[in-house]
Amino acid sequence: MSAADTIFEDRRPAMTGLAYRMLGSRAEAEDVVQDAWLRWREVETAEIGNPAGFLNRVVSRLCLDRLKSARARRELYVGEWLPEPVVDVDETFGLGENLTVAFLLALERLTPLERAAFLLHDVFDTPFSEIAATLDRSEAAVRQLAARAREHVKAGKPRYKPSADEERRLTEAFVAAALSGDAATLRGLLAKDVVMHADGGGKVSATMNPVFGLDNAVRLLEGIARKWPHPDGTTARLARINGQPGVVMAHDGVVFQTMGLDIVDGRIAAVYTMRNPDKLARVRA
């Protein structure tokens, strides 16, 4: 492997993590990194004083280009859009609060430039001077972009860190109660202001909009258990979904759903259900 290849491969995890957080899609993130590789091969790498900064700049600009078309596509998206789940995450994406679905949804409310400035500075520790060159803005302007973004994403950061035992206990109990439609148990597990999110992408059945509140959530889960009982061959395994507790469900070895849980003060405050088969293609049963 050449020196240039080694530099690129060393930076691949960080580039993939940046692109995923920018785009909310693992598949698109990997495509962006591949495009960055093609550009990397065209330059004289020995003349680049800061390879990490150069590659971050390339990835950021590729992502900004993709976000233009992504925004148009999401305006036509059927139902609620959720990011493609990252399951049983490893160092490719990095762990931490900046991988949760709530955080990624908070990023969706930012402009593309705000998102880039915030991620590059606050998550990937890029100096503002480099970000200014990447975004073709003044340093003062990118500081303002990052500051505005920082205010918006505060709500997306976890407010509570459950223990591993609490995560397992609540996740196992929730899965059992949801599959059986056990309303009494669900009421003991879900927060009063719980929010149920689901993404079917118009390809499979899913709620079109978030479902708010304990009563509505319990009715929803009861109805699902009644209408779509899970036959023999259905499996449910505990997993990490974007760094948080969750479950991967499969039938005859084919994944049809993931559910990620946001746990706050001993209750489940949000459930993120992914049912869009396009976004489950990379998830193992």
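Two strands pair if DSSP finds at least two bridges between them. In this predicted model, strand 1 and strand 2 come in with two bridges and run antiparallel. On the other side of the pairing list, strand 1 (residues 190–199) is joined to strand 6 (residues 267–274) by six bridges, and here the two run parallel. The whole sheet is open, has six strands in the order 2-1-6-5-4-3, and is mixed in its pairing. Strand 2 (211–212) and strand 3 (234–241) sit at the edges with a single partner strand each, so one side of each has no neighbour in the sheet.

Helix 10 (residues 214–227) packs on this sheet, where it touches strand 1 and strand 2, and its direction makes about 50° with that of strand 1. A handy residue for finding one's way around here is Val195. It stands opposite Phe212 in strand 2, and opposite Ala270 in strand 6. A little further on, His197 has Tyr272 of strand 6 as its bridge partner. Strand 1 is also mostly covered, with eight of its ten residues buried.

Next, the enclosed space. Two cavities of 30 Å³ or more turn up in the structure, and the largest holds about 70 Å³. Its lining is made of Leu82, Pro83, Pro85, Val101, Ile241, Asn242, Thr258, Gly260, Tyr272, Thr273 and Met274. Strand 5 (254–264) and strand 6 are the elements that give two or more residues to this lining, and strand 6 gives the most, with three. By class, the lining of the largest cavity has seven nonpolar and four polar residues, and no charged ones. Tyr272, the bridge partner of His197, is among the residues that line this cavity.

The second largest cavity holds about 30 Å³. Gly53, Asn56, Arg57, Leu120, Thr126, Glu130, Ile131 and Thr134 line it, and the elements that give two or more residues are helix 3 (51–75) and helix 6 (128–135). Its lining residues divide into two nonpolar, four polar and two charged, while the lining of the largest cavity has no charged residues.

Open space is found as well. The largest pocket has a volume of about 550 Å³ and is lined by 27 residues, with Ile224, Trp228, Gln257, Thr273 and Arg275 nearest its centre. Helix 8 (164–180), strand 1, helix 10, strand 4 and strand 5 are the elements that give two or more residues to the lining of this pocket. Helix 10 has the largest share, five residues; this is the helix that packs on the sheet against strand 1 and strand 2. The pocket lining divides into 16 nonpolar, nine polar and two charged residues. Thr273 belongs to the lining of the largest pocket and also to that of the largest cavity.

Two loop residues deserve a look for their backbone angles. Asn242 has a phi near 50°, a positive value in a residue other than glycine, and is found in the loop between strand 3 and strand 4 (244–251). Asp252 also has a positive phi, of about 50°, although it is not a glycine, and its place is in the loop between strand 4 and strand 5. The surroundings of the two residues are another matter. Asn242 has 1% relative accessibility, so it counts as buried; Asp252 is exposed, with a relative accessible area of 58%. Asn242 is also one of the residues lining the largest cavity.

Last comes helix 4 (residues 101–108), which is mostly covered, with seven of its eight residues buried. The buried ones are Val101, Ala102, Phe103, Leu104, Leu105, Ala106 and Leu107. Their cover includes helix 1 (3–23), helix 5 (112–123), helix 7 (139–153), strand 4 and strand 6. Val101 links this helix to the earlier part of the account, being buried in helix 4 and one of the residues that line the largest cavity. Strand 6 recurs too: it pairs with strand 1, gives the most to the lining of the largest cavity, and is part of what covers the buried residues of helix 4.

Notes: Residues numbered from 1 in each chain as written. Predicted model: local features only at pLDDT ≥ 70, side-chain atom pairs only at ≥ 80, totals over all residues. Heavy atoms only, no water. Helix = DSSP H or I, 4+ residues; strand = E, 2+ residues; numbered from the N terminus. Contact = heavy atoms within 4.5 Å. Axes fitted to C-alpha atoms, helices over the stretch in contact; angles between N-to-C directions. 1 Å grid on protein atoms, 1.4 Å probe; cavity = no way out; pocket = protein on both sides within 12 Å on 5 of 7 lines; lining within 4 Å. Points joined across faces, edges and corners; volume = space filled by probe spheres on them. Nonpolar A, V, L, I, M, F, W, Y, C, P; charged D, E, K, R; others polar. Buried < 20%, exposed > 50% of the residue type's maximum accessible area, 1.4 Å probe, protein only.
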